[in-house]
Amino acid sequence: MTRPEPHIDVRPITVADIPDWIRALNTGFLRTPDVTETEIADRASYLEPTRTLGAYDAGRCVATFRSFAQQLTAVGGTPVQADAISNVTVSPTHRRRGLLTRMMAHDLAAAKERGDVVATLIAAEYPIYGRYGFGPATWTAQWTVDVHRTGLDPRWSGPDDGGRIDLVDGADVRKLGPELHERVRRAQPGAVDRDERWWQTNTGALRPDRSPWTEPFFAVYRSAAGEVEGMVSYKADDHWGDGKQPLNTATVNWLSATTPAAERALWRYLCSIDWIATVKSDWRAPDDLLPFVLPDPRAAMITSLADWLWVRVLDVVRALEARTYGGEGVLVLEVVDRSGLSGGRYRLEAAADGASCTPTTATADLTLDVAELGTLWLGDESAVRLAALGRVREERAGAARVADALLRTSRRPWCPDIF
Ligand SMILES: CC(=O)SCCNC(=O)CCNC(=O)[C@H](O)C(C)(C)COP(=O)(O)OP(=O)(O)OC[C@H]1O[C@@H](n2cnc3c(N)ncnc32)[C@H](O)[C@@H]1OP(=O)(O)O
């Protein structure tokens, strides 16, 4: 049970509040609470005070919340404006008193007012955000590859498709990476844009963390035509077996590819590095090609599978009109939104040349909470499955099957980023 705490002020921060806000953030994330000058300067360089909230009890910051503008790729490749939420913490002294609820209400109201189509976040724990209308919209998997079981010829080196792989340094990544990622994310439903700071912090040009920077390896795949089609960042440990065999692990920080050829070449490259006995993937789509670019797919085991990007639909009409559909058809959705932001009855008409969505008084085919709409919107989840779980209700027999035929996608959505 939450209890109201009117004496605690929830408000956007000012620049002067940044050090105390960072201390509260570090506390909530169980990091050492002291604040360094580097951290203050870094946060001050990109925090938008109007979109950065703090809760103040007797002048001390006891909760943090931040949002920023993000482009999220809808099914079909159109980016929509998202309200990306991050840095959510409530100090342990002030938990379960409704502070998150107050900060979320403040932020979502502002996002709605601004005209954002959806809000997004990556949830620390599953039970937190459903109550605010968020639904898990993409899932993620991590693989561990037993290199000696892959069936790859250990004599193999380099791509066999006319392309090439080159080791590069951070400066090259900053030059080539942003354009590559733009192509990746525009083609990948569920992917988001990356700002310059992402490239700086992931190549060591900017080092805001207290943890010392360790330069990873970077490799670029170019096609036979010389086009940059893929890139990987990885690190390796130093582990030797009792028989003096090298048993090192290569851990992928991130791997981006615009073509299956690039994906195949980069995974095979990682598995071909001398001394490497194990390859650990980054957070990938659950239907990643990885296992199947290996002669023996069982060499790649999923070691982690979980929800990743959560979506909260703020504008049903624009969200449904932004995406493409698997066929033509009409679906009337009764969207229930207890916060009053996006509820209503909507008629979706999907056609080959685009979709239209309009408020309607026609009889509903399906009734669902706005959180379930967020779960269905990127095409990953099945309405038939949600109906079986009682999470969507068919008002017309067979409507969930129609929804699946329209909404689901052949490849699963994926968000390569954490934010
Ligand atoms: C996008 C991101 O940044 S994800 C990171 C989220 N942050 C963390 O996980 C850091 C550690 N945890 C925390 O800081 C806090 O516990 C928070 C932010 C998760 C929750 O903040 P609180 O102020 O305690 O939440 P609030 O009091 O508004 O809770 C509202 C409801 O959600 C429930 N709830 C909140 N957090 C959780 C949780 N982790 N698990 C289950 N239920 C939860 C509460 O019980 C309450 O339910 P009720 O209305 O039925 O009583």
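# Strands, binding-site residues and ligand shell

Lys-244 lies in the loop between E10 and E11. Helices (H or I, at least four residues) and strands (E, at least two) are DSSP runs, numbered from the N terminus. The model is predicted: local features need pLDDT of at least 70 and side-chain atom pairs count only at pLDDT 80 or more, while totals for chains, interfaces and linings use all residues. Residue numbers start from 1 along each chain as its sequence is written.

Lys-244 has a positive phi of about 65° although it is not a glycine. Most residues other than glycine have a negative phi. Asn-87 also departs from this pattern, with a positive phi of about 55° although it is not a glycine, and Asn-87 is part of strand E4. Leu-30, just after H1, takes a positive phi of about 55°.

The table gives neighbour counts and burial classes. A residue is buried if 20 or more other C-beta atoms lie within 10 Å of its own, exposed if 12 or fewer, and partly exposed in between, with C-beta atoms placed from the backbone.

| Residue | C-beta neighbours inside 10 Å | Class |
|---|---|---|
| Asn-87 | 20 C-beta atoms | buried |
| Val-88 | 24 C-beta atoms | buried |
| Thr-89 | 25 C-beta atoms | buried |
| Tyr-129 | 24 C-beta atoms | buried |
| Lys-244 | 6 C-beta atoms | exposed |
| Phe-419 | 17 C-beta atoms | partly exposed |

**Annotated binding site and ligand shell**

An unreviewed UniProt entry lists Val-88, Thr-89, Val-90, Arg-96, Arg-97, Gly-98, Leu-99, Leu-100 and Thr-101 under "binding site". UniProt positions are given in the numbering used here, feature names are shortened, and annotations may be inferred rather than shown by experiment. Val-88 belongs to strand E4, residues 79-90, and Thr-89 is in E4 as well. Two residues are in contact if their C-beta atoms, placed from the backbone, lie within 7 Å. Leaving aside neighbours within four places in sequence, Val-88 is in contact with Thr-64, Phe-65 and Leu-100. On the same basis, Thr-89 contacts Ala-24, Leu-25, Gly-28, Phe-29, Ala-63 and Thr-64.

Around the ligand there are 24 residues, of which Val-88, Leu-100, Thr-101, Ala-124 and Pro-127 come nearest. The elements giving two or more residues to this shell are E4, helix H3 (99-114) and strand E5 (118-122). A residue is near a molecule if its C-beta atom, placed from the backbone, lies within 6 Å of it. E4 supplies the largest share of the shell, six residues. By type, the shell divides into 12 nonpolar, seven polar and five charged residues. Here Ala, Val, Leu, Ile, Met, Phe, Trp, Tyr, Cys and Pro count as nonpolar, Asp, Glu, Lys and Arg as charged, and the others, Gly among them, as polar.

**Helix H1**

In helix H1 (residues 18-28), the buried residues are Ile-18, Trp-21, Ile-22, Ala-24, Leu-25 and Gly-28. Seen down the axis of H1, these buried residues fall within an arc of 160°, so they line one face of the helix. The arc is that of the directions from the helix axis to the C-beta atoms. The buried residues of H1 pack against helix H2 (37-46), strand E2 (52-57), strand E3 (60-73) and E4.

**Annotated active site**

The unreviewed UniProt entry places "active site" at Tyr-129 and Phe-419. Tyr-129 lies in the loop between E5 and strand E6 (135-136), and Phe-419 is found in the segment after helix H10 (399-407). Apart from neighbours within four places in sequence, Tyr-129 is in contact with Leu-121, Ala-123, Phe-134 and Trp-310. Phe-419 touches Ala-84, Ser-86 and Ile-122, not counting residues up to four places away in sequence.

**Antiparallel strand pairs**

Two strands pair if DSSP finds at least two bridges between them. Strand E10 (residues 228-236) is mostly covered, with seven of its nine residues buried. Six bridges join E10 to strand E9 (residues 217-222), and the two run antiparallel. Val-220 has Met-231 in E10 as its bridge partner. The hairpin of E9 and E10 has five residues between the strands, and in this hairpin Gly-226 takes a positive phi near 85°. E10 is also joined to strand E11 (residues 248-257) by seven bridges, again antiparallel. There, Lys-235 has Thr-251 in E11 as its bridge partner.

Strand E16 (residues 344-351) and strand E17 (residues 354-359) run antiparallel and are joined by six bridges. They form a hairpin with two residues between them. The bridge partner of Tyr-346 is Pro-359 in E17.
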